[in-house]
Amino acid sequence: MRKEFTVISAFSMAISFVAAIVLCVQIAQFKPSSEWQISGPTLWVLEVAVSGTAVYAWRNNVSLGGWVLGILAIVAVRLMISTAAGLGMAALHGDENFRQAIQQMALLAPRVSAMGFSLMVFYPLRAFLPMRPPRARLERRRYGAAGGSHLPDSGGNGEHPVVLVTGNERVSVWEERKPAQPTPRQAAVSILPTASIDGTVELPIPAVLAQLPHEVIGDRAHHYDDSDLVSIPLDVIVPQLREAEVSVELADLARWLPPGVVKAPRGEAEGQPWPVPLPLELVVPRLPPEVLALPEPTPPKWAQVEVAESVTFATT
Amino acid sequence: MASINYALKEISCKIVYYGPGMCGKTTNLQHIHQHTAPDKRGNMVSLATPGERTLFFDFLPLEAAAIHGFRTKFQLYTVPGQVMYNSTRKLVLRGVDGVIFVCDSQWEKMRENLESFRNLVENLATYGYSLETTPYVVQFNKRDLPRIAPVEYLQYLINPRQVPHFEGIAIEGVGVFEALREICTLVLANLAQKQRVGIV
């Protein structure tokens, strides 16, 4: 986001600032009619409200501190415009009473004008406002997450079930929300040796790009066909195979792909983790056979029984 | 757990077909029901939605040959595979003697297979059971479909312990009786062993 603040932004801020001063001086030349005046405190409330709304509209994920900072900055810019315009008007008329000239700028018309311009001047600076930390993504609902009994609706259709949760089940639902302890079987699976194999797996570039949203696909992407391959290190892929989901970070993928094929995401996604899923269908058939090699069988005790002929299940 | 009625000379065991939604558990049971002699089976009870999704469970009682003079009965159950019916799955697992874990071989179902397998482990643990003590076999179903994962990857993902596994096309009956026969054998052998050491 900070890349959005360029030399052009600074130039436009300067132009807006000068234009604001000139316009405020011009507006202050007119004698305002008294019935249109608004009291000072009301104007301050109005100013803070407008500034706060503008900051939130520009960056809806701004932090509370950033929001207050934005309001203060806009008000400060408005004060600078009003002061500069007051000084300018006093100098223009050869008036020695600068204070009176600045007070004149606090009247309704020049002040509203300065407020409007202060928003324009501040707009490029919005990129520097501190943001809220990104919310953790909700985990996809997994097996075992359902704590209630689900019954079909009155029409007998199970597509929209009614969820009945008893008191006891509420406790179990709450317990299920706690971080799950690894079960013995999960632990057993995780301690199974994972082949550590050097090397890469070669995937067709168009198939990988098909997993990306259009906004991050670069101009040179269409230069590649299925015969062009991207090499992805096995040490990135192999540890994920036991989870039946393989993904790589967009930033890593950009390094492995030829230049210009993908571009960095802009806006709120910039700098955030961006996992790119790789379909198993694409990855697994291209793996070296030794990756999927299993260790020596370790059958449970029940599988080690000797079955006498008389026990063998009869044909049905 | 298996019950042995010495007065009636009868052994009764509970086999549960477990797996993700739409993987073919009910199809397994339907095939068994259609291809078993009527005098060796009871009526199949199935509670399903209009969309053919198992709502509660399917139940099929089977009677096998007598072993040492004991009539052997197997109660075959399926669980509803959909994520939201976990309470029902837990209930069906109560007193289970053996599990046939049915996997959907399609690539896009790999994650569901894994989550269902982990769910099986969790639900068994609520009764103090585990796959270390409960016999199970794995059936890789839908092998006739395009876009399926190789058995090597299914083994790597679901069955690294390499318990007995079967490739299946339940709708055609391929691998259905093979898996059933294997689990029944293991359950009975396990039962016989427990009886020898005085557990049952």
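**Exercise 1. Decide which of B:E112 and B:K109, whose side chains meet in a salt bridge (3.9 Å, N to O), is buried and which is partly exposed.**

Solution. This is a predicted model.
Step 1: The pair qualifies as a salt bridge because its N to O distance is 3.9 Å and the cut-off is 4 Å.
Step 2: B:E112 has a relative accessibility of 29%, so B:E112 is partly exposed.
Step 3: The relative accessible area of B:K109 is 19%, and B:K109 is therefore buried, since buried means under 20%.

**Exercise 2. State which residues are joined into one network by salt bridges that share partners, and describe the pair B:R111 and A:E243.**

Solution.
Step 1: Shared partners link A:E243, A:E245, B:R111, B:E115 and B:R118 into one network.
Step 2: Within the pair of B:R111 and A:E243, the closest N and O atoms are 3.2 Å apart.
Step 3: This pair crosses between chains: B:R111 belongs to helix α3 (residues 110-126) of chain B, and A:E243 to the loop between α9 (234-237) and β5 (246-249) of chain A.
Step 4: B:R111 is buried because its relative accessibility is 11%, whereas A:E243, at 29% relative accessible area, is partly exposed.
Step 5: Over all chains, the structure holds 15 salt bridges.

**Exercise 3. Find out how many residues apart in sequence the parts tied together by B:K73 and B:E10 are.**

Solution.
Step 1: The side chains of B:K73 and B:E10 form a salt bridge, at 3.5 Å from N to O.
Step 2: B:K73 lies in strand β5 (residues 70-78) of chain B and B:E10 in strand β2 (residues 10-18) of chain B, so the salt bridge ties together parts that are 63 residues apart in sequence.
Step 3: B:K73 has a relative accessible area of 28% and is partly exposed, while B:E10, at 16% relative accessibility, is buried.

**Exercise 4. Describe the second largest cavity by its volume, its lining residues and their classes.**

Solution.
Step 1: Searching the whole structure gives two cavities of 30 Å³ or more.
Step 2: The volume of the second largest cavity is about 30 Å³.
Step 3: Its lining consists of A:E47, A:V50, A:S51, A:I74, A:R78, A:M115, A:S118 and A:L119.
Step 4: Two or more residues of this lining come from each of α2 (40-58), α3 and α5 (108-122) of chain A.
Step 5: Sorted by class, the lining of the second largest cavity has four nonpolar, two polar and two charged residues.

**Exercise 5. Name the residues of the nonpolar patch on the surface and the element that gives the largest share.**

Solution.
Step 1: The nonpolar patch is formed by A:Y56, A:L64, A:W67, A:V68 and A:L72.
Step 2: Together these residues have about 520 Å² of accessible area.
Step 3: Helix α3 (residues 64-92) of chain A gives the largest share, four residues.
Step 4: One of the patch residues, A:L64, is found in helix α3 of chain A.
Step 5: A:L64 has a relative accessible area of 64% and is therefore exposed, the cut-off being over 50%.

**Exercise 6. Locate A:T200 and give the separation of its C-alpha atom from that of A:I232.**

Solution.
Step 1: A:T200 is in strand β3 (residues 200-204) of chain A.
Step 2: With a relative accessible area of 40%, A:T200 is partly exposed.
Step 3: A:T200 and A:I232 are 32 residues apart along the chain, and their C-alpha atoms are separated by 5.1 Å.

Terms used
Residues numbered from 1 in each chain as written. Chains lettered and ligands numbered in written order. Predicted model: local features only at pLDDT ≥ 70, side-chain atom pairs only at ≥ 80, totals over all residues. Heavy atoms only, no water. Patch = residues over 30% accessible without salt bridge, like charges linked within 9 Å, V, L, I, M, F, W, Y side chains within 5 Å. Areas by Shrake-Rupley, 256 points an atom, 1.4 Å probe, with all protein chains shown as cover. Buried < 20%, exposed > 50% of the residue type's maximum accessible area, 1.4 Å probe, protein only. 1 Å grid on protein atoms, 1.4 Å probe; cavity = no way out; pocket = protein on both sides within 12 Å on 5 of 7 lines; lining within 4 Å. Points joined across faces, edges and corners; volume = space filled by probe spheres on them. Nonpolar A, V, L, I, M, F, W, Y, C, P; charged D, E, K, R; others polar.
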